[in-house]
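Q: I should like to learn how to read the features of a protein model, one term at a time. Where shall we begin?

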Amino acid sequence: MKTIKRVLLVLFCSIISVSGGIVFSQEKLITQLQAELVSPWLATVKGYEARPLVLRITAVKQKNDEAFSLDATYNYIDFDGNGLPVEAEIIQTATERKLLFNTRSGFRYKVTQAPNGKFEGAWTDAKGNTNDVSFEKISEDELKSKVAAVKAARVEAIIVKPAADVPASCASFGGRWTG
């Protein structure tokens with residue numbers, strides 16, 4: 001009888017230690033995903049390079065063993081952090097990491113992380129059209145610099161100078177010289 005109790009006790013302890021290891025492993029994975037994903041991600045969409053988009057991931061939460069929901073926003077880079085919430089998730093398997101999200105306007109993004117850290121894949125719009133897209137992790141300082149550059153380029157584009165040798169700072173914001 002004592003032998004059966006010992007065997008059951010050893011079995012019980014083994015089960016507890018294995019399940020504890022699984023929980024610890026999942027917590028470690030969430031911590032790793034937080035460190036690797038929480039950041040702004042610069043999106044490059046083929047044909048739309050002039051006005052990039054930013055996916056900002058702010059938190060990772062576990063849904064199940066392979067799926068993690070993301071708190072994230074997505075918008076044009078020059079919207080000063082006013083991104084629109086998106087339904088996003090990471091699917092993490094032993095061999096790959098996929099980022100999936102949908103925008104309010106019906107675009108579905110499906111990208112896979114490459115060895116260089118970038119996510120690459122495509123979006124599909126509500127009509128079924130697709131386009132290539134990639135996401136590259138950037139720092140807050142890089143984001144600020146890129147925002148400033150995009151805004152400056154946009155201002156430069158709307159100003160019509162009266163002559164090539166006149167600096168843009170001398171042109172009117174109306175965009176045209178008259179007279």
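A: Let us begin with burial. Ser-134 has a relative accessible area of 18%, so the residue counts as buried, a label that means under 20% relative accessible area, with exposed over 50% and partly exposed in between (1.4 Å probe, protein chains only). The model is predicted, so local features need pLDDT of at least 70 and side-chain atom pairs count only at pLDDT 80 or more, while totals for chains, interfaces and linings use all residues. Residues are numbered from 1 along each chain as its sequence is written, and side-chain values use heavy atoms, with hydrogens and water left out.

Q: Where is Ser-134 placed, and with which residues is Ser-134 in contact, leaving aside its neighbours within four places in sequence?

A: Helices (H or I, at least four residues) and strands (E, at least two) are DSSP runs, numbered from the N terminus. Ser-134 belongs to strand β8, residues 130–137. Contact means heavy atoms within 4.5 Å. With neighbours within four places in sequence set aside, Ser-134 is in contact with Leu-42, Ala-43, Thr-44, Phe-119 and Glu-120.

Q: How many helices and strands does the chain have, and in what order do the elements run?

A: The chain has two helices and eight strands. Read from the N terminus, the elements run α-β-β-β-β-β-β-β-β-α.

Q: How should the pairing of strands be read?

A: Strands of a sheet pair through backbone hydrogen bonds, either parallel or antiparallel. Two strands count as paired if DSSP finds at least two bridges between them. Here, strand β2 (residues 53–62) and strand β3 (residues 67–76) are antiparallel and share nine bridges; Ile-57 stands opposite Ala-72 in β3. These two strands, β2 and β3, form a hairpin with four residues between them. Strand β3 is also joined by eight bridges to strand β4 (residues 84–92), again in the antiparallel sense, and Asp-71 stands opposite Glu-87 in β4. Further along, β5 and β6 run antiparallel and are joined by five bridges, with Thr-112 in β6 as the bridge partner of Lys-98.

Q: Into what do the eight strands close?

A: The eight strands close into a barrel in the order β1-β2-β3-β4-β5-β6-β7-β8, with antiparallel pairing. Neighbouring strands of this sheet are turned by 30 degrees against each other on average, direction ignored. For such angles, axes are lines fitted to C-alpha atoms, for helices over the stretch in contact, and angles run from 0 to 180 degrees between N-to-C directions.

Q: Which residues touch the most other members of the largest nonpolar core?

A: A nonpolar core is a set of buried Ala, Val, Leu, Ile, Met, Phe, Trp, Tyr and Cys residues joined through side-chain atoms within 4.5 Å. The largest one has 26 residues, of which Leu-55, Tyr-74, Phe-101 and Phe-135 touch the most other members. A second, separate core has seven residues, including Val-54, Ile-138, Val-147 and Val-150.

Q: How many aromatic pairs does a search of the whole structure find, and how are their geometries classified?

A: Rings of Phe, Tyr and Trp (its six-membered ring) pair if their centres lie within 6.5 Å; planes under 30 degrees apart count as stacked, over 60 as edge-to-face and the rest as tilted. The search finds eight aromatic pairs. In one of them, the ring centres of Tyr-74 and Tyr-109 are 5.2 Å apart with planes at 75 degrees, so the pair is edge-to-face. Tyr-74 lies in strand β3 and Tyr-109 in strand β6 (residues 108–113), so this pair ties together parts that are 35 residues apart in sequence. Tyr-74 is buried at 7% relative accessibility, and Tyr-109 is buried at 6%.

Phe-101 and Phe-135 form an edge-to-face pair as well, 5.8 Å centre to centre with 70 degrees between the planes. Because Phe-101 lies in strand β5 (residues 97–102) and Phe-135 in strand β8, the pair ties together parts that are 34 residues apart in sequence. Phe-101 is buried at 1% relative accessibility, and Phe-135 is buried at 0%. Tyr-74, Phe-101, Tyr-109 and Phe-135 form one aromatic cluster.

Q: Is Gly-106 buried, partly exposed or exposed?

A: Gly-106, found in the loop between β5 and β6, has a relative accessible area of 26% and is therefore partly exposed. Apart from neighbours within four places in sequence, Gly-106 is in contact with Thr-124, Asp-125 and Ala-126.
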